[in-house]
Amino acid sequence: MSETTATLMVDLIISLDGYASAEGWPGWWGLEGPEYLAWLEEEGKQDFTTLMGANTYRVMAGMSQEASEDSSGFSEEEGASLTGLAAMPKIIFSSTLTEPLAWPNSELISGDAVEAVRELKRTRQGTFSTLGSLSLCRSLLKAGLVDRYRLVVFPVITGKTGRERIYDGYPDVALDMIQSRTFDGRLQLLEYVPRVIDAPLSRD
């Protein structure tokens, strides 16, 4: 990879059985702790450009605004991680939203997201990181554009209440681990270099 090519990281939170959320459960399945929230706050200070779709934009922009209000129900740590998103540069892929976008530092792209990201990686520097947006992540992975695949695994099985299965529609992918970490004695950070494959890996 040349020095002028940007890096793309898919960044997801996930239950042990592969869901992005669960009906009736609070955010982060109620398992966020001080180490994880401190890490999120530090991540918010990184020089990343965040990529997301319209639905994620609407949800996260609303949460970020709510967290900035004095009467919000968020803890101090939760509020810091959410309000920090406002300062981060963000690219929103949507054919329904229109400019100007209310959330600060948000750029709208209405064309094909895969082709747009391909061009962004070629012409810009730094790191692009997804936020939610499962269909966007899946499309970018299928297109072979993802350089790093990062998960935070929450120790719950939500077989009855789980919503938004993350891996449905994925191709086969080989993963080479480059980092792992445990937060608060229960959450597991796993970071990989992904490689889309056409056939099962050989044992050689």
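Two strands are taken to pair when DSSP finds at least two bridges between them. With that in mind, a good place to enter this predicted model is the pairing of strands S9 and S10, where Val173 stands opposite Val196 in S10. These two strands run antiparallel and are joined by 10 bridges. Together S9 and S10 make a hairpin with 3 residues between them, and in the turn Asp184 has a positive phi of about 55°.

The hairpin belongs to a wider arrangement. In total, 8 strands form an open sheet with mixed pairing, and their order is S5-S4-S3-S6-S1-S7-S10-S9. Strand S5 (106-109) and strand S9 (173-183) are found at the edges; each has a single partner strand, so one side of each lacks a neighbour in the sheet. From one strand to the next, the twist averages 25°. Elsewhere in the sheet, S1 and S7 pair in the parallel sense over 7 bridges, and Met9 has Arg148 as its bridge partner in S7. Helix H5 packs on the sheet, where it touches S1, strand S3 (48-53), S4, strand S6 (127-130), S7, S9 and S10; the direction of H5 makes about 130° with that of S1.

The interior of the model comes next. The largest nonpolar core has 30 residues, and Leu8, Leu12, Leu51, Phe93, Leu140, Tyr149 and Ile166 are those with the most contacts inside it. At least two residues of this core come from each of strand S1 (7-15), S4, helix H4 (113-123), helix H5 (134-142), strand S7 (148-154) and strand S10 (187-196). Leaving aside residues up to four places away in sequence, Leu140 touches Leu8, Val114, Val117, Thr130, Leu145 and Val146. There is also a second, separate core of 15 residues, with Met52, Ala61, Trp103 and Leu108 among them.

Helix H1 (residues 34-43) offers a clear view of how burial can be arranged around a helix. Its buried residues are Tyr36, Leu37, Trp39 and Glu43. Seen down the axis of H1, these residues fall within an arc of 155°, so they line one face of the helix.

Aromatic rings add another set of links, with a count of 9 aromatic pairs. One of these is the tilted pair of Tyr36 and Phe183, with 5.6 Å from centre to centre and 55° between the planes. This pair joins distant parts of the chain, since Tyr36 lies in helix H1 and Phe183 in strand S9, 147 residues apart. Tyr36 is buried, because its relative accessible area of 2% is under the 20% limit. Phe183 is also counted as buried, at 0% relative accessibility. Another pair, Tyr149 with Tyr170, is edge-to-face: the centres are 6.4 Å apart and the planes make 85°. Here too distant parts of the chain are linked, with Tyr149 in strand S7 and Tyr170 in the loop between strand S8 (162-165) and S9, 21 residues apart. Both partners are buried, Tyr149 at 3% relative accessibility and Tyr170 with a relative accessible area of 17%. Ring pairs also link Trp28, Trp29, Tyr36, Trp39, Phe154 and Phe183 into a cluster.

A final stop is the loop between helix H3 (76-83) and strand S4 (90-93), where Ala87 is found. Ala87 counts as exposed because its relative accessible area is 59%, and exposed means over 50%. Between Ala87 and Pro104 the C-alpha to C-alpha distance is 6.8 Å, although 17 residues separate them in sequence.

Terms used. Residues numbered from 1 in each chain as written. Predicted model: local features only at pLDDT ≥ 70, side-chain atom pairs only at ≥ 80, totals over all residues. Heavy atoms only, no water. Helix = DSSP H or I, 4+ residues; strand = E, 2+ residues; numbered from the N terminus. Buried < 20%, exposed > 50% of the residue type's maximum accessible area, 1.4 Å probe, protein only. Core = buried A, V, L, I, M, F, W, Y, C linked by side-chain atoms within 4.5 Å. Contact = heavy atoms within 4.5 Å. Axes fitted to C-alpha atoms, helices over the stretch in contact; angles between N-to-C directions. Arc of directions from axis to C-beta. Phe/Tyr/Trp six-rings, centres within 6.5 Å; stacked < 30°, edge-to-face > 60°.
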